[in-house]
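Visitor: I am new to this structure. Could you walk me through it, please?

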Amino acid sequence: MARQEPGEPYYRVSIDEAADMYGDDNVAFVDVRRSDEYLGGHVKNAIPIPVDDLLSRVDDLPRDKKLFFICAQGVRSGLGCEMAAAMGVDPERLFNIEDGTPTWIEKGFPSSYGLEP
């Protein structure tokens with residue numbers, strides 16, 4: 001169940017909770033890892049925006065969906081949520097996946113490699 005820690009402008013979800021939401025038309029996955037990490041494997045159809053580019057690319061985030069941020073271990077994705085909130089994205093739409101992409105792939109959830117979406 002999504003939970004919010006005091007002071008955090010986003011919700012935390014497990015990899016399994018995120019997978020349950022995968023495919024929902026109201027949800028977008030945002031991969032905030034570096035490009036080389038993304039090419040090595042990512043959530044299928046995730047939007048690749050490295051955390052270092054997020055402030056300049058906040059307009060690339062869908063405005064009408066819940067945003068599930070993912071990285072390798074849940075640290076950069078939390079930072080991505082914080083940055084999006086600071087740029088005016090409604091915190092009710094921000095979710096940090098606490099487990100990372102390697103766990104997503106290990107569990108067999110929908111994944112792509114290289115430049116595949």
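Visitor: Which radius of gyration does the chain have, and what would a compact globule have?

Guide: Welcome! This is a predicted model, where local features need pLDDT of at least 70 and side-chain atom pairs count only at pLDDT 80 or more, while totals for chains, interfaces and linings use all residues. Residues are numbered from 1 along each chain as its sequence is written, and side-chain values use heavy atoms, leaving out hydrogens and water. The radius of gyration is taken over C-alpha atoms, and the globule rule is 2.2 Å times the number of residues to the power 0.38. For 117 residues a compact globule would be near 13 Å, and the chain agrees, because its own value is 13 Å.

Visitor: How many helices and strands does the chain have?

Guide: Both are DSSP runs numbered from the N terminus: helices are H or I with at least four residues, strands E with at least two. Along the sequence they follow the pattern β-α-β-α-β-β-β-α-β-α-β. The count comes to four helices and seven strands.

Visitor: In what order do the strands of the open five-stranded sheet lie?

Guide: Two strands pair if DSSP finds at least two bridges between them. In this sheet the pairing is parallel; β2 (residues 27–31) and β5 (residues 66–70), for instance, are joined over five bridges. The order is β1-β6-β5-β2-β4.

Visitor: And which strands are at the edges?

Guide: An edge strand here pairs on one side only. The two are β1 (11–13) and β4 (47–48).

Visitor: At what angle does helix α3 run to β6?

Guide: Axes are lines fitted to C-alpha atoms, for helices over the stretch in contact (heavy atoms within 4.5 Å). Angles run from 0 to 180 degrees between N-to-C directions. Helix α3 (residues 75–86) lies across β5 and β6 (94–97), and its angle to β6 is about 170 degrees.

Visitor: Which element gives the most to the largest nonpolar core?

Guide: A nonpolar core is a set of buried Ala, Val, Leu, Ile, Met, Phe, Trp, Tyr and Cys residues joined through side-chain atoms within 4.5 Å, buried being under 20% relative accessible area with a 1.4 Å probe, protein chains only. Of the 18 residues in this core, Val30, Leu61, Leu67, Phe69, Val89 and Leu94 touch the most other members. β2, β5 and α3 each supply at least two residues. The most, four residues, come from α3.

Visitor: How much of the chain is buried?

Guide: This share is taken over the 117 residues of the chain. Buried residues make up 45%.

Key:
Buried means under 20% relative accessible area, exposed over 50%, partly exposed in between (1.4 Å probe, protein chains only).
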